Amino acid sequence: MMIERRFQGDANALMSIGLPAKDVAALYKAYPQKTSGFATDRKTFSAFWQRTARLRTKLPPHAKQNDRENHAAQIVKGLEIEARRLFLSAHVNAVYDSLTAKRTRFVRLEELCVAAAKFLPGLVPSTKDIAAEDGFLQSQKAGLEIDQGLFISAVLRSERSGRHLCHAMLLPTQQANDLLPKFVKDGRLELPGASIERRGKAALLTYLNPRFLNAEDQTTLAGFETCVDLALLDPQVQIGVLRGGPVENPKYKDRRVFGSGINLTHLYHGRIPFLWYLTRDLGYVNKLYRGLAFSHDAAPDEFGGQTIEKPFIAVVETFAFGGHCQVLLAVDYVLAEKTAFMTLPARKEGIIPGAANMRLPRAVGDRLARQAIQYERRLECDSPEGRMICDEIVEPGTMDEAIERVVSGLTSSGVVSAASNRRAFRITQEPLDMFRNYFAVYAREQAYCHFSPALISNLEKYWNAASRKP
């Protein structure tokens, strides 16, 4: 059996757990070490990934692997990833053009990954592959979705394809387009995880997940993005107000909580798919920051395509944890209760806090941002540091009046210049290409974080996640 010397140690490890020598030899023989034309590579690399998939079926499921078997699985995974990086570095634009009819169709990233799995088997996991892990704890999953992170990272790293994907994610969702006539007529709509109500010139968007302190998860994301779209699409709305609804937790019973970030219980129980992070930040959070794009226009950067933009106010009552603290960095004005506070407990969660690493230093400076993200420094809203994020502090019990006053003040002369001023801020702070490059790194790194044993350990240690019911 001829195997290159550099692969011999890993090959021996694979055979030591009982994998047939002929299968191991065939694996390394099929391993593509260079690229050529797209049509040829599409067949060659896909055949290699399908071979590794078959080899993995000879191993026990991830949750039942012993240390040696897990090591063998990681060897195979490593070969797949190296081949994926080689292929995508040469052909990501060709793949993207094939999936979007040479960028004449806009495809959201969730659908892009589904289409990629069909177009080029093995590049990313198929819907069936991911569905096979439904019901698994996060610790029991094999990390298949890491491949989605590598694929989306490569797409975003390409200026041509990445800008087009960002454009696709800034278009109104189909659900929003379908519900717009009803909302314009009724002025109110409630969806899973969110509601929207038009009040005069403002739209009140409310986070609704009362059992989990208004945390965000797979049950809330689509509803809230639709509400953001409706606020931007409705011509009667001039300004959006984000607020948390009353919660059920006995400690905060019936109090409004802006939100507690990602649902850590659902994360531990494997109910947060990897693409959730990217859908959220390239979707509704970026729409808060950039507005809605037009499908018939150029990419919505500060020199190209136009956007539908309106100012947004965030209302912090009780606290804003994690992802909800990130939202404060994407809006135009923050109202906060005097006793409220903010945290970004990324270290205890083991993940990257969205765009906070890019946006928080602009608000509070680099050192304080690092303390908040890496050392979980709590920021009281009514403090010198908190006031770098919060524009106005109000006494508890006076928030309703404060919201009316701020909405009136921001809309009394119309909001015709709001979009222009927002673009002028963005060109010096976060132009589209800066955003794109940031999330190219984020997509890759968050994929590894999402499947890291450290994430599980942190959730059990700091969140007591094993004892919580999803």
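A residue counts as buried here when its relative accessible area is under 20%. With that cut-off in hand, let us walk through this predicted model, beginning with a strand.

**Strand β9 and its neighbours**

Strand β9 covers residues 333-337, and five of its five residues are buried, so the strand is largely enclosed by the rest of the structure. Its side chains point two ways: Tyr 333, Leu 335 and Glu 337 go one way, while Val 334 and Ala 336 go the other. This fits a general pattern, since in a regular strand the side chains alternate between the two faces of the sheet.

β9 has partners to look at in the viewer. With strand β7 (residues 312-316) it pairs in the parallel sense over four bridges, and Val 315 stands opposite Leu 335. With strand β12 (residues 392-394) the pairing is also parallel, over three bridges, and Ile 393 in β12 is the bridge partner of Ala 336.

**A three-stranded open sheet**

Another place to visit is an open sheet with the strand order β8-β10-β11 and mixed pairing. Its edge strands, β8 (319-321) and β11 (379-380), each pair on one side only. β8 and β10 (residues 341-343) run parallel and are joined by three bridges; across this pair, Phe 321 stands opposite Thr 343.

The parallel pairs described so far are gathered here.

| Strand pair | Sense | Bridges |
|---|---|---|
| β7 and β9 | parallel | four |
| β9 and β12 | parallel | three |
| β8 and β10 | parallel | three |

**Helix α7**

Now for a helix. α7 spans residues 146-157, and at 1.5 Å a residue its 12 residues should span 16 Å; the end C-alpha atoms are 16 Å apart, which agrees. Because 11 of the 12 residues are buried, α7 is largely enclosed by the rest of the structure. The buried residues include Asp 147, Gln 148 and Ser 153, as well as Leu 150, Phe 151 and Ile 152. What do they pack against? Their partners are α4 (67-99), α5 (109-119), α6 (127-131), α8 (159-169), α12 (275-282) and α20 (432-450).

**Cysteines**

If you are wondering about disulfides, the structure holds zero of them. Why is there no bond between Cys 381 and Cys 390? The sulfur of Cys 381 has its closest cysteine sulfur in Cys 390, 3.8 Å away, which is too far for a bond, because a disulfide needs the two sulfur atoms within 2.5 Å. Cys 381 is buried, with a relative accessible area of 0%. Cys 227 also counts as buried, at 0% relative accessibility.

Methods: Residues are numbered from 1 along each chain as its sequence is written. This is a predicted model: local features need pLDDT of at least 70, side-chain atom pairs count only at pLDDT 80 or more; totals for chains, interfaces and linings use all residues. Side-chain values use heavy atoms; hydrogens and water are left out. Helices (H or I, at least four residues) and strands (E, at least two) are DSSP runs, numbered from the N terminus. The expected span of a helix is 1.5 Å times one less than its number of residues. Buried means under 20% relative accessible area, exposed over 50%, partly exposed in between (1.4 Å probe, protein chains only). Contact means heavy atoms within 4.5 Å. Two strands pair if DSSP finds at least two bridges between them.
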